[in-house]
Amino acid sequence: MKNYWMRIAALLFAFALIAAACGGGDDDATESGESSAATDPPETDEAMEEEEGAMEEEEEAMEEAAGVDLAGAELQLWGWASSAAEDTQLTSLVAQFNSDTGADATFEPQPEYDVALQASLAAGDPPDVFYVDSGKLPDLVDSGALAPVPDGVLSDPDDIYSSLRDVFTIDGTWYCPPKDFSTLGLVYDPVALTEAGLEVPTTWEELATVAAALTTADRVGLSFGAEYARAGSFLFQAGTDILTADGTAVAIDSDGARQALQYLADLYAAGSVASPGDIDTGWGGEAFGSGAAAMTIEGNWIVGFLGNEFPDRDFAVAELPQGPQGQGNFAFTVCYGVASNAENPEQSWALVEYLTSAEGAAAWTSGFQVMPARESAAAGWLADNPELSAFVDGAAYASRFQFPSGVGDIQGVFDDAYQRLIAGDITVDELIKEVVDAGDDLL
Amino acid sequence: MTTATKPTAEAGGLRARLRKLQQSNQPQRAQIFNREGLWGWIFVSPALLGMIVFLAIPIGMSVLVSLRDWGGITPPFESEFVGADNYRELLFDDNIRRKDFAISLRNNLYYVLGVVPVQTFIALILAVVLNQKRLKGKSFFRTAYYFPSITSSIAVSLIFLFMFQTRGAVNALLPIQDINWLVNPNGIIHNLLGVVGVDEAPGWMENNEFMSLSLWEWASGPSVAMLSIMILVTWTTVGTFMLIFLAGLQNIPVSVEEAAELDGASWWQRFRFVTVPMMKPTIVFVISLGLIGTWQVFDQIFAISFGGPQKSTLTPAFLTYFQTFQNGEASLGAAIAVLLFFIIMAFTVLQRWLMRDKDRL
């Protein structure tokens, strides 16, 4: 029997050893990582000497001046996977950062990004730098997960569009610099417009006229997603929104909102506007590209989509028409956040600075239809994309696409009610009552 | 319960002898703490460890999390303990969250009531057909019917997305031409009532509410969009259940079938009075699996409709995901998951009670 217990003990001991070995694996990896990192800088220096660019030297000098030792710093950059081209671009930008500074940063696109980020934050082990969608910012700030931008780590922050900095500012604290941004534009078919002898609409009245004139048996004048992210711009143009600017009260119970929603409901009822689903397409871009709609309201990304999917489709972009209270637009933007409990905050901010500096922003957006978040980079971007100036112009008056933490449900309530409004199931007042009721529950 | 436990005088003697036999066997029976048992524990320990780490602990944690106010971002147990607040919000307070939960329950209830009987029936019929001795190309049909079950649910969903468009394959086959299935939020019971002229809710249905949803809304039936997803799911799961039925059918002795045939029973009579009664344990099993699976529907909703149009395909499982990962209300999501667990439990227990073996009690 004794012998038997000995065997059990031996077995348990073996288990313990295996467990310890598994646990130790990480340490080993880190150690070897560190040791290889320690041998890295000379190699990189050599590489740099070989390439020897004046600019690189300057940058190196700058990093040294900032007093951040990046040599061998392991940095994880998390984002969501978008197009292969974008992934490649960011990966090569990060590789450039590594060769300039000797750091060991990697871009790791995550499938199911929200889930992955949330899990890593909850586990207390977040990546060093990560994408933060403007809509997600309040939740992250509310739970104290994000570090504010420290003074002096970013070059010339005033060069970043103030409307975009505002998006990532909560209660006066600025949390992260935007990676890039997109706005909405009125994308139209110039050929159809010329054939009908019409001008590009610049006001709501003109938009209604043009949409009606361009509607034929197998084409609607205008089609855009039946949701807040598009229809909300009409609320802005009427001087209102679902919530007040500080997000503490419901603002939609106003004459401006009634006017905007009634204007839209009438357009749908007249048949000159339809939601993409109603004309058998998935979204505004497809509705326009396939020719099922003569105009759509979409963001910059439609340009790349049309180029890939409908290369023969003629299109032009104008600013969104003005409403009774002037212009209004959405700024869709993402920033690079650094966790409040980051292991290497200085190195992380150095990476963010590299990616969002004037040069970094220009390098990132070159060849893409997302716009650089810095005013100084706008001219260079427009030189490459002259036909897209309407999107850049929208930045001046664009509003954030964001709800305070815990109030996000109200967007779903609006979308739901809006879809019933345009189907003619409810009236504008009923929509407003539903949204106000939901606001009372949530605020 | 075996017949040996029936308290007749004769069987009573048998039982006493059995007990004696059991007692004399006691030392050799699988005791879980003797030497043999210990080895047993060691052998099952990897699997047991996996169960504890990946099932028991997470389930326990999600119950604990549902009692807190956790946004899903900070470490969970640093958050504030709020007791049953999340449950109160979902069940008793008249607010938007309860309304969403009620909508998801309504949608999923119709979904379950539609999918479970249909998939069970079709699977049983297919299995009986495939089990016929004289059928040629059996393995071809078996593979063909099983194929949808092994295809990625996301891939199948995307194909259905195309099929159910206005100009898609489904409308081309049907006499109705202009239904856009997947964006149509109208309940089919409402639609049917509309056909017979009931367009408006009767007053008593409009004015009486249960969980923030009027009785008229409860009675909507599945939306057209949900119906499309129900068709899709039925199509993909029928194959799996058909296989289970086939296995069950092969356990029925051929002699029983032959005896019925000799007695002059028609095909239907044999099916109704021989096959179905003998298949009852399998049917119970398939319906249990069906109930559990359909209450948890998520993939297809995620891929096709994201809860829309107008929340008509919102389900508790999807709402859990939405509140946890999209809306920053992880505790609320956990509470929905816990409530869903009790709903599934209740339905399964009710089903097993309804289909209990009355003859053998």
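A residue counts as buried when its relative accessible area is under 20%. Keep that cut-off in mind for the close-ups below, which come from a predicted model.

**View 1. Arg420(A) and Asp416(A) pair up within a helix of chain A.** Asp416(A) has 11% relative accessibility, so this residue counts as buried. Arg420(A) comes in at 18%, so it counts as buried too. The closest N and O atoms of the two are 3.4 Å apart, and the pair forms a salt bridge. Why are they separated by about one helical turn? Both sit in helix H17 (residues 409-422) of chain A, and they are four residues apart there.

**View 2. A salt-bridge network takes in residues of chains A and B.** Its members are Asp409(A), Glu89(B), Arg97(B) and Glu329(B), joined through bridges that share partners. For the wider picture, the count over all chains comes to 16 salt bridges.

**View 3. Arg313(A) meets Asp189(A) in a salt bridge.** Here the closest N and O atoms are 3.0 Å apart. Are these two residues buried or exposed? Both Arg313(A) and Asp189(A) are buried.

**View 4. Lys179(A) and Asp180(A) join through their side chains.** Look for a salt bridge with an N to O distance of 3.1 Å. Lys179(A) is buried, and Asp180(A) is buried as well. Now back to the pair in View 3: Arg313(A) lies in the loop between helix H12 (301-309) and strand E10 (316-318) of chain A, while Asp189(A) lies in the loop between strand E6 (178-188) and helix H7 (190-195) of chain A, so that pair ties together parts 124 residues apart in sequence.

**View 5. Two strands of chain A, E1 and E2, run parallel.** Strand E1 covers residues 74-80 and strand E2 covers residues 104-110, with seven bridges joining them. Which residue of E2(A) is the bridge partner of Trp78(A)? That would be Glu108(A). Add helix H3 (residues 84-101) of chain A to E1(A) and E2(A), and you have a right-handed β-α-β unit.

**View 6. Residues 1-9 of chain B have pLDDT under 50.** For this stretch of chain B, the model has six contacts beyond four places in sequence. Where pLDDT is low, the predicted coordinates should not be read in detail. Chain B as a whole has a mean pLDDT of 85, and 89% of its residues reach 70 or more.

Definitions and conventions: Residues are numbered from 1 along each chain as its sequence is written. Chains are lettered from A and ligands numbered from 1 in the order in which they are written. This is a predicted model: local features need pLDDT of at least 70, side-chain atom pairs count only at pLDDT 80 or more; totals for chains, interfaces and linings use all residues. Side-chain values use heavy atoms; hydrogens and water are left out. pLDDT is the predictor's confidence in each residue, from 0 to 100. Contact means heavy atoms within 4.5 Å. A salt bridge is a side-chain nitrogen of Lys or Arg within 4 Å of a carboxyl oxygen of Asp or Glu. Buried means under 20% relative accessible area, exposed over 50%, partly exposed in between (1.4 Å probe, protein chains only). Two strands pair if DSSP finds at least two bridges between them. A crossover is right-handed if, with the strands pointing away from the viewer, the path from the first strand over the helix to the second runs clockwise.
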